[in-house]
Amino acid sequence: MEKMKRTDNCGAARKEDAGRTLVLNGWVHRIRNHGGIFFINLRDRYGITQVVVDSDSPSGLVEVAASLHMEYCIAVEGLVRLRPENMINPDMDTGEIEISAQKMEILSKSETLPFVIDEQTNASEDLRLKYRYLDLRSFSMQNNLALRSAVTFSVRKFLTEKGFFEIETPTFIKSTPEGARDYLVPSRLYPGKFYALPQSPQLYKQLLMVSGFDKYFQIARCYRDEDARGDRQPEFTQIDIEQSFVSREDILSLIEQMFNRVFDETISIKLPETFPRISYDDVMDLYGTDKPDLRFDMKLQDGSFLASLGNFQAFKDALSAGGKIKVLKVEGGAESYSRKKIEELESVAKIYKAKGLAWMKVGAGNKLEGGISKFFEGKENEVCSALNASERDLLLFVADTNGKIACTALGAVRSKIGKDSGLCDPKQFSFVWVVDFPLFEWNEDENKWEAAHHMFSMPQEKYLDTLESDPGSVKGDLYDLVLNGYELASGSIRIHDSELQKRIFRIVGFSEEDGKKKFGFLTEAFRYGAPPHGGIAPGLDRLIMLMCGQTSIKEVIAFPKNSFAQSPMDGCPGDVDLTQLEELHLQITGENNANT
């Protein structure tokens, strides 16, 4: 191999290299036989170079070239020469040159591929995951992971320059309730005892603040045993950050600076120096979601005036019961949305518990047509004026006695319209901070209050006196960063007072004994001069997904699980030997016991 060790990669040679002899190592991407002249596209992660074997090549090379198949791994030594003018390929970085092969060695052969390694593969997701090592050879996957590497390096460099220490926290921890199920690891040395894999480093990074490390970060692996969802994985990575002696604005400013640096350094995108800030109440009212996509405008409007203006009883009933009437104006939608398409939008609204989706179209002269227009005869001008609607607009309505349902249902409709209408440009990046979240939310199933984010978030100071008497009105010092309709990061200023922490535990149904049992090591630490502190944790997988213009985080993770939390490649989760179970003092029971 030493004689055929590469001198250059497959994306390096240019016309200035004409006359040079070089050695390339790579995979056969394509091979074409034109009457005994072989054109071989040789690929590595840097690019593709065309290699030519013809009648002028040294003895035996034609036979070697004739034996090649796609994805054979080979070494080639040859002379760089200019392509004829009419054979230059402008779509290739190396398209002005080719390599006239002088020597060739087959390093390893490939069996028939399960799918063609190409950017436009139609292979199923499970087939791609089963042969992930082949899927990763495609330029799209290699580019995605190259960007991931560059972003991670840029983050590390930025935070290190800002004085942050990168500190690892344990991956074997005590099981604590953090919103999802823990992955548990049985202990061989302590039968019946279990470690948990961390859902986040939350408690440990707070302990680091107590320890005096006032600026911490970690590219942290996290684990949550949740039901499958499109943009989630059982294991994922977050950029975990915590600081002492800071306010909310300090954290927000730091993250804005970090993303400005990262986007500029890695994909040459200039972001605004600051991102918009919208309160939770306002964002729900205007967009129907706390994860608004601001790449398009289309705000929800208040339709309360319609209850008294027309004769539509559903509007009157919703408003009289203390609910809301929300309106969405779709500019030009009268022509593009047929009754069938509106029914598809209605099915989206019903997923979010709406009873239906009312509609009207604005025709010539502000004449209202279709849907519920008959209930507003003679009131067309008032309706259009109040909603700033004009000819060819489509008006969509959701009314409900529960105002939140009206907002969220119509917000979901807005999101679908944005995607269906091509308003969501994947090359546009619209960041927004959502702030002033409720600290608590009511769990109807369990008939109790629970933390909206987690139990260690600080209530805003003005609510400290009414925590127990009116939990529903309490706003937390909480903040989410949203990008293109995805929650990219979540954070808060933390509680650093043990007595206040006990009050929060009681409100969410944790007795002092439960608090000690689950989080005693944290509240104990707070007794020894804990500093005020706060933090945030942007999701690295989701960030790279959006930067790559993808819609699934599987496209930016080297070896992800499928939608059922399984790996078709290595077969995990899988069975283990009975001996291993016995060593752990475990016994598998049930009908599907494959270990017995």
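## Strand E17

In this predicted model, the side chains of Phe431, Trp433 and Val435 point one way from strand E17, while those of Val432 and Val434 point the other way, and every one of these residues is buried. This arrangement fits a general pattern, in which the side chains of a regular strand alternate between the two faces of the sheet. The strand, which spans residues 431-435, is accordingly described as mostly covered, with five of its five residues buried.

E17 has a partner on each of two sides in the sheet order, where E20 and E11 flank it. Strand E11 (residues 277-279) runs parallel to E17 and is joined to it by three bridges, and within this pairing Arg277 stands opposite Trp433. Strand E20 (residues 478-483) runs antiparallel to E17 and is joined to it by five bridges, with Val435 standing opposite Tyr479.

## The eight-stranded sheet

E17 belongs to an open sheet of eight strands, whose order is E6-E9-E10-E22-E21-E20-E17-E11 and whose pairing is mixed. The edges are formed by strand E6 (165-166) and by E11, each of which pairs on one side only. In general, the strands of a sheet pair through backbone hydrogen bonds, and they do so either in parallel or antiparallel fashion.

Elsewhere in the sheet, E10 and E22 pair in the antiparallel sense over four bridges, and Ile241 has Ile536 of E22 as its bridge partner.

## The nonpolar core

The largest nonpolar core has 72 residues, and those with the most contacts inside it are Leu159, Ile241, Phe259 and Phe431. Its largest share, eight residues, comes from helix H6 (residues 248-267). As a general tendency, nonpolar side chains in soluble globular proteins are buried together.

Ile241 illustrates how such a core residue is surrounded: leaving out residues up to four places away in sequence, Ile241 touches Leu159, Phe164, Lys205, Tyr216, Phe217, Leu254, Ile255, Met258, Gly535 and Ile536. Leu159 thus appears both among the contacts of Ile241 and among the residues with the most contacts inside the core.

## Helix H5 and its cover

Helix H5 (residues 202-210) has as its buried residues Gln202, Leu203, Lys205, Gln206, Leu208 and Met209. The elements that cover these buried residues include strand E9 (215-223), strand E10 (235-244), helix H15 (512-525) and strand E22 (533-536). One of the buried residues, Lys205, is also listed among the contacts of Ile241. After H5 comes Gly212, whose phi is positive, near 95 degrees.

## Glu487 in strand E21

Glu487 lies in strand E21 (residues 486-493), and because its relative accessibility is 29%, it counts as partly exposed. Apart from neighbours within four places in sequence, Glu487 is in contact with Lys291, Asp480, Leu481 and Arg542. From Glu105, by contrast, Glu487 is 382 residues away in sequence and 50 Å away in space, taken from C-alpha to C-alpha.

## Backbone features in loops

Most residues other than glycine have a negative phi, and most peptide bonds are trans. Against that background, Phe245 has a positive phi, near 55 degrees; Phe245 lies in the loop between E10 and H6, and it counts as exposed because its relative accessibility is 63%. Asn388 likewise has a positive phi, near 55 degrees, and is placed in the loop between helix H12 (380-387) and strand E16 (394-400). With a relative accessibility of 59%, Asn388 also counts as exposed.

The peptide bond from Cys572 to Pro573 is cis, with omega near 0 degrees, and Pro573 is found in the loop between helix H16 (540-547) and helix H17 (578-583).

## The chain as a whole

The chain has 17 helices and 22 strands, and of its 596 residues, 48% count as buried. Its C-alpha atoms fill a box of roughly 90 × 75 × 55 Å along the principal axes. Among contacts between residues at least 6 apart in sequence, 68% join residues at least 24 apart.

The accessible surface comes to about 29700 Å², and carbon and sulfur atoms account for 48% of it. The chain carries 73 positive and 90 negative charges, and the mean positions of these two sets are 1 Å apart.

Terms used: Residues are numbered from 1 along each chain as its sequence is written. This is a predicted model: local features need pLDDT of at least 70, side-chain atom pairs count only at pLDDT 80 or more; totals for chains, interfaces and linings use all residues. Side-chain values use heavy atoms; hydrogens and water are left out. Buried means under 20% relative accessible area, exposed over 50%, partly exposed in between (1.4 Å probe, protein chains only). Contact means heavy atoms within 4.5 Å. Accessible areas come from the Shrake-Rupley method with a 1.4 Å probe; for residues, only the protein chains shown count as cover. Lys and Arg count as positive and Asp and Glu as negative; His and the chain ends are not counted. The place of a charge is taken as NZ of Lys, CZ of Arg, CG of Asp or CD of Glu. A nonpolar core is a set of buried Ala, Val, Leu, Ile, Met, Phe, Trp, Tyr and Cys residues joined through side-chain atoms within 4.5 Å. Two strands pair if DSSP finds at least two bridges between them.
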